[in-house]
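Please open the model in your viewer and keep the sequence panel beside it, since this tour moves from the whole chain to its pockets.

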Amino acid sequence: WKWTALQRLAVRMASAVICPNPIMANKLQLRYGAKIHHIPNWVDTEMFRPAERPARPAGTRPTVLYVGRLVKEKNLERLAKVCEANDWMLRCIGDGPLRKWIELTGECFGALPWDSLPNWHLMADVFCLPSYTEGQPKALLEAMASGLPCAVSEGVTGIDLPGTTFPPENEGAMTSAIASALA
């Protein structure tokens with residue numbers, strides 16, 4: 001209730017609110033009557049575009065890529081557990097308080113230059129965004145623009161990928177979504 005009250009106060013007191021997601025913008029407009037500006041996330045489609053992926057060498061595990069902040073809200077502990085149970089390699093790009101823990105369970109490369117991301121997309125088999133809540137994340141849009149199969153939680157507002165969307169707290173559904181994206 002405290003978060004809701006703070007959000008209500010902040011939105012009502014703001015002269016305007018910028019929102020990258022049209023569904024979220026509409027929801028805020030209806031709920032608070034605030035002046036909402038929808039400015040969509042921008043993706044450089046020259047940099048992030050489909051390219052032929054090299055074949056995964058025989059005997060190597062499928063790679064699940066995550067790009068973003070390494071924090072609890074992103075549900076990375078559950079993603080790591082699902083990857084370990086299915087013998088998938090979890091590869092994370094980003095930084096945050098969970099970095100040391102992720103380095104123990106998978107590969108973590110820290111915050112990397114933005115223009116290196118297309119190469120990481122090429123080396124991955126699937127992109128997963130398991131967040132509990134998310135607006136319209138640029139990392140997901142860039143992965144999609146690159147033609148990388150994606151699995152996302154229902155916490156991602158405004159994006160539904162039939163067959164590869166899952167409730168964030170459901171490990172079985174997450175496993176199925178990633179396996180479907182890998183197929």
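What radius of gyration does the protein chain have, against that of a compact globule with 183 residues? The protein chain has 17 Å, which agrees with the value near 16 Å for such a globule, where the radius is taken over C-alpha atoms and the globule rule is 2.2 Å times the number of residues to the power 0.38. This is a predicted model, in which local features need pLDDT of at least 70, side-chain atom pairs count only at pLDDT 80 or more, and totals for chains, interfaces and linings use all residues. Residues are numbered from 1 along each chain as its sequence is written, and side-chain values use heavy atoms, without hydrogens and water.

Show the C-alpha trace, which spans about 55 × 35 × 30 Å along its principal axes. Colouring by relative accessible area, you will find that 44% of the 183 residues count as buried, that is, under 20% with a 1.4 Å probe and protein chains only.

Next, select Trp-3, Gln-7, Met-24, Leu-28 and Thr-133, which are the closest to the centre of the largest pocket among the 14 residues that line that pocket. Its volume is about 420 Å³. The lining divides into six nonpolar, five polar and three charged residues.

Then move to Pro-54, Arg-56, Pro-57, Met-123 and Asp-125, which lie nearest the centre of the second largest pocket, lined by 13 residues. The volume there is about 150 Å³.

A pocket here is an open set of points on a 1 Å grid where a 1.4 Å probe fits, with protein on both sides within 12 Å along at least five of seven lines, and lining residues have an atom within 4 Å of a point; a volume is the space filled by probe spheres set on the points, which are joined across faces, edges and corners. Ala, Val, Leu, Ile, Met, Phe, Trp, Tyr, Cys and Pro count as nonpolar, Asp, Glu, Lys and Arg as charged, and the others, Gly among them, as polar.

How values were computed. Buried means under 20% relative accessible area, exposed over 50%, partly exposed in between (1.4 Å probe, protein chains only).
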